[in-house]
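Student: I should like to take a close look at one charged side chain in this model and then follow the contacts around it and elsewhere. Please treat the matter in one connected account.

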Amino acid sequence: MTNLVRWSTVWLVLLVVVAIAAGPVPLQSPDNAHTLSETEVRQSLATIEQRYQQAKALQTLAAWEYGSNLTQINLVKKTKAAAEFAEVAKTIAEELRQLPTAQLTDDDLKRRIQKLSKLKYAVLPADQFKELLGAIANMESNYAKAKFCAFGDSAKCDLSLDPELTEIFANHRDAEELKYYWVQWYNATGAPVRESFQKYVELNRQAALRNSK
């Protein structure tokens, strides 16, 4: 037991001696950290912008595919791409906050950083962001798929907003006919999505409040 204590003491002394000889361990503080030059910030931003554009392109493509073919599969793809883009946007915004923007003199550089820092809808928590996407998809789907009965022919109910109603509103002048189609359009595309629209407005408000902080 005595030998064990003796060797423990020896090792402790040796560790202290080594620590003293090595000197103090330098602590890295923000004051000592390397500050990026404006050129380095510009290079970093170029890489960040490329990542942002790639994610945005995938989101835009998925949205276009859903808009041109309103299927459940395309809706899933669109929602997934939007969620992935939101995560990329959040990551990029966090990275941009680490850049020394206060020291920049290039106004265009500062503008680009500020633009990418705005998260828009992506600022919402994941559950609210998903709700927003659902509300938008519901309105889009209802708007695109709505069918209308022809004026004076209740048996013909296969008219769509585009091209039939669009052509009628643009070229027809019969007041009763136009009123009929407007009411048809409102009842088919407005009333059914009122709840989704209210959700859309509320979540837009929440996003605006978060972005203003």
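What relative accessibility does Lys199 have, and which class of exposure does that value give?

Tutor: The model is a predicted one. Lys199 has a relative accessibility of 35%, and because the partly exposed class runs between 20% and 50%, Lys199 counts as partly exposed.

The side chain of Lys199 meets that of Glu131 in a salt bridge, with 3.0 Å from N to O. Lys199 belongs to helix H8 (residues 194-211) and Glu131 to helix H5, so this pair ties together parts that are 68 residues apart in sequence. Glu131, at 35% relative accessibility, counts as partly exposed.

The background to such a contact is brief: side chains of opposite charge can pair when their charged atoms come close. The structure holds 13 salt bridges. One of them joins Asp106 to Arg42, where the closest N and O atoms are 2.8 Å apart. Asp106 sits in the loop between helix H3 (72-97) and helix H4 (107-117), while Arg42 is part of helix H2 (residues 38-68), so the contact ties together parts that are 64 residues apart in sequence. Asp106 is partly exposed, with a relative accessible area of 23%, and Arg42 counts as partly exposed at 31% relative accessibility.

A further salt bridge brings together the side chains of Arg112 and Glu49, at 2.8 Å from N to O. Here helix H4, which holds Arg112, is linked with helix H2, which holds Glu49; the two residues are 63 residues apart, and the pair links distant parts of the chain. Both partners fall below the 20% limit for burial: Arg112 is buried with a relative accessible area of 19%, and Glu49 counts as buried at 16% relative accessibility. Arg112 and Glu49 belong to a network of salt bridges in which Asp108 and Arg111 are also linked.

A charged side chain may be placed against a ring as well as against a carboxylate in this model, as one example shows: Lys56 lies over the face of Phe85, at 4.9 Å from the ring centre.

Helix H5, which holds the partner of Lys199, leads on to the aromatic contacts. A search of the whole structure finds seven aromatic pairs. In one of these, the rings of Tyr143 and Trp185 have their centres 6.5 Å apart and their planes at 85 degrees; the limit for an edge-to-face arrangement is over 60 degrees, so the pair is edge-to-face. Tyr143 lies in helix H5 (residues 126-145) and Trp185 in helix H7, so the two rings tie together parts that are 42 residues apart in sequence. Tyr143 is partly exposed, with a relative accessible area of 41%, and Trp185 counts as partly exposed at 24% relative accessibility.

Another pair is formed by Phe151 and Tyr180, whose ring centres are 5.4 Å apart and whose planes stand at 55 degrees, so the pair is tilted. Phe151 lies in the loop between H5 and helix H6 (161-171), and Tyr180 in helix H7, so this contact ties together parts that are 29 residues apart in sequence. Phe151 counts as partly exposed at 39% relative accessibility, as does Tyr180 at 24%.

Tyr143 and Trp185 are, in addition, members of one aromatic cluster with Trp182 and Tyr186. Trp182 and Tyr186 recur at the surface, where they form a nonpolar patch with Phe169 and Val183; together these residues have about 360 Å² of accessible area. Helix H7 (residues 175-189) gives the most to this patch, with three residues. Val183 lies in helix H7 and counts as partly exposed at 34% relative accessibility.

A covalent link completes the account. A search of the whole structure finds one disulfide, and it joins Cys149 to Cys157 with an S to S distance of 1.9 Å. The torsion about the S-S bond of Cys149 and Cys157 is about 95 degrees, so the disulfide is right-handed. Cys157 is partly exposed, with a relative accessible area of 34%.

To return to the request, Lys199 is partly exposed at 35% relative accessibility, and its salt bridge with Glu131 ties helix H8 to helix H5.

Conventions:
Residues are numbered from 1 along each chain as its sequence is written. This is a predicted model: local features need pLDDT of at least 70, side-chain atom pairs count only at pLDDT 80 or more; totals for chains, interfaces and linings use all residues. Side-chain values use heavy atoms; hydrogens and water are left out. A disulfide is a pair of cysteine sulfur atoms within 2.5 Å. Buried means under 20% relative accessible area, exposed over 50%, partly exposed in between (1.4 Å probe, protein chains only). Patches are made of residues with over 30% relative accessible area and no salt bridge: like charges are joined within 9 Å, nonpolar side chains (Val, Leu, Ile, Met, Phe, Trp, Tyr) within 5 Å. Accessible areas come from the Shrake-Rupley method with a 1.4 Å probe; for residues, only the protein chains shown count as cover. A salt bridge is a side-chain nitrogen of Lys or Arg within 4 Å of a carboxyl oxygen of Asp or Glu. Helices (H or I, at least four residues) and strands (E, at least two) are DSSP runs, numbered from the N terminus. Rings of Phe, Tyr and Trp (its six-membered ring) pair if their centres lie within 6.5 Å; planes under 30 degrees apart count as stacked, over 60 as edge-to-face and the rest as tilted. A charge sits over a ring if NZ of Lys or CZ of Arg is within 6 Å of the ring centre and within 35 degrees of the ring normal.
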